Amino acid sequence: MVMDVDPELVRACQRGEPGALDALIRATYTGVYALCRRMLADPEEAADATQEVYLRVMRSVLGFRGDAAFGTWLHRVTVNVCLTILRKRSKARTSTLPEEYDELVADTAASPEDRAVSGDLAARCEAALRLLPEEARAVVVLRDIEDLSTKEVADLLGVSENVVKVRLCRAHAKLRSLVTNDAEEVTA
Amino acid sequence: MSATRRFCREVQGELPALLAGEVSGWPERTMRAHLRHCSDCASELKRQEHLAQGLAAVRDTDVEPPAELLDGLLQSAARPGLRERAAVPARGAISGARPGLSVAFLTVGALASTGVGWAAWRGARWAARRVSR
């Protein structure tokens, strides 16, 4: 997910130049929202999380030393905000009701024609992702969609690399069963 | 569980890493050799590739933020006083530290350990006096 911006824009924000912060927000908010949406699987919570991310950014941009790229830092802040929200959630969404899944697939793609042409697999994967338990979804989003390495995911989640591998393996099995509607695999 | 079956499970657990190019050297060669001979693991690899293709397509799909989100963010940015707050890095950001909190913890820790040390010293003196009587 591209969240990087011109380092000069970040320095302008740090100097408090008028309009710089607005430009920074405009340049990055879609990426931040997309990550929140995928991690949290809830549009409203994703919008709230995006607000929280920028509150943290505004509070700490003065202290940003530029040791890492701004995009990397913003990505990390976003993931941490989402993980905090996920930890607070008590409800576990493990349901794999076919009706719910079909509704989600229909909701994800614009129209049946669009789905048939290009987005069918993506729409099914996206819908299946929303039905994964939070822990599993976080691993898949970070590893497979955000393209982080196993070690980076392990560091972010505070678990070992082996735990990440096991969670990913189980999450993939569940995803495949949802995407292919293979009932046997769900129970396996 | 037989050794072969256990090995298949290990290979299948490493398939995402293999597809991501994280496995190299002899582990990669061992896995590839196994995949040539084991039909179960080979079909698992195919399924994994299909899923990876789907997830890559998800990555390329745009997620449209709600229309009012940007306005809300810009309003928050314009709120006076926010930027004037101390430039304390957010918790979980790369620097991670909160200097004020760290100083408070250190002070409390120092006071507590001084107290414990003083109590131990008094206790030892009292015990020594009792023994010498």
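**Exercise 1. Work out what share of chain A is buried and what kind of fold its elements give.**

Start with burial: of the 188 residues in chain A, 44% are buried. Keep in mind that we're working with a predicted model.

Next, list the elements. Chain A has ten helices and zero strands, so read along the sequence the pattern is just α-α-α-α-α-α-α-α-α-α.

Now look at the contacts. Take those between residues at least 6 apart in sequence: 61% of them join residues at least 24 apart.

Last, find the core. The largest nonpolar core holds 61 residues, and A:Cys36, A:Val139, A:Val140 and A:Leu175 have the most contacts inside it. H2(A) supplies the largest share of this core, eleven residues.

**Exercise 2. Check the length of helix H4 of chain A, then find what covers its buried residues.**

Step one is the ruler. H4 of chain A covers residues 70–88, which is 19 residues, and at 1.5 Å a residue it should span 27 Å. The C-alpha atoms at its ends are 27 Å apart, so the two values agree.

Step two is the buried set: A:Phe70, A:Trp73, A:Leu74, A:His75, A:Val77, A:Thr78, A:Val79, A:Val81 and A:Cys82.

Step three is the cover. It includes H1 (7–15), H2 (20–40), H3 (43–60), H7 (134–145) and H8 of chain A.

**Exercise 3. Decide how enclosed helix H7 of chain A is, and follow two of its residues outwards.**

Count first: eleven of the twelve residues of H7(A) are buried, so this helix is largely enclosed by the rest of the structure. Charged side chains are on the list too, as A:Glu134, A:Arg137, A:Arg143 and A:Asp144 are among the buried residues.

Take A:Arg137, which lies in H7 of chain A. Is it buried or exposed? The cut-off for buried is 20 or more other C-beta atoms within 10 Å. A:Arg137 has 23, so it counts as buried. Setting aside neighbours within four places in sequence, A:Arg137 is in contact with A:Met39, A:Ala41, A:Leu129 and A:Leu132. A:Arg38 sits 99 residues away along the chain, yet its C-alpha atom is 8.2 Å from that of A:Arg137.

One of those contacts deserves a detour. A:Ala41 is in the loop between H2 and H3 of chain A. Its phi is near 55°, a positive value in a residue that isn't glycine. A:Ala41 is buried as well, with 20 other C-beta atoms within 10 Å.

Now take A:Val139. With neighbours within four places in sequence left out, its contacts are A:Val153, A:Val164, A:Arg167, A:Leu168 and A:Ala171.

**Exercise 4. Walk from the end of H7 through H8 of chain A, noting backbone angles and burial.**

Just after H7(A) comes A:Asp147, with a positive phi of about 65°. This residue is not a glycine, and its place is in the loop between H7 and H8 of chain A. With 13 other C-beta atoms within 10 Å, A:Asp147 is partly exposed.

Then comes H8 of chain A, residues 150–157, whose buried residues are A:Thr150, A:Val153, A:Ala154 and A:Leu156. Look down the axis of H8(A): these residues fall within an arc of 165°, so they line one face of the helix.

After H8(A), the next stop is A:Gly158, where phi is again positive, near 70°.

**Exercise 5. Describe the side of chain B that touches chain A, then place B:Cys8 in its own chain.**

Begin with the totals: 37 residues of chain B are in contact with 45 residues of chain A. On the chain B side, the elements giving two or more residues are H1 (3–19), H3 (39–60) and H4 (67–78) of chain B. Which of them gives the most? H3(B) does, with ten residues. By type, this side of chain B divides into 22 nonpolar, ten polar and five charged residues.

Now for B:Cys8, which lies in H1 of chain B. It has 17 C-beta neighbours inside 10 Å, so B:Cys8 counts as partly exposed. Not counting residues up to four places away in sequence, B:Cys8 touches B:Cys38, B:Asp40 and B:Cys41. To finish, go 27 residues along the chain to B:Leu35: the C-alpha atoms of B:Cys8 and B:Leu35 are separated by 9.2 Å.

Terms used. Residues are numbered from 1 along each chain as its sequence is written. Chains are lettered from A and ligands numbered from 1 in the order in which they are written. This is a predicted model: local features need pLDDT of at least 70, side-chain atom pairs count only at pLDDT 80 or more; totals for chains, interfaces and linings use all residues. Helices (H or I, at least four residues) and strands (E, at least two) are DSSP runs, numbered from the N terminus. The arc is that of the directions from the helix axis to the C-beta atoms. Two residues are in contact if their C-beta atoms, placed from the backbone, lie within 7 Å. The expected span of a helix is 1.5 Å times one less than its number of residues. Ala, Val, Leu, Ile, Met, Phe, Trp, Tyr, Cys and Pro count as nonpolar, Asp, Glu, Lys and Arg as charged, and the others, Gly among them, as polar. A nonpolar core is a set of buried Ala, Val, Leu, Ile, Met, Phe, Trp, Tyr and Cys residues joined through C-beta atoms within 7 Å.
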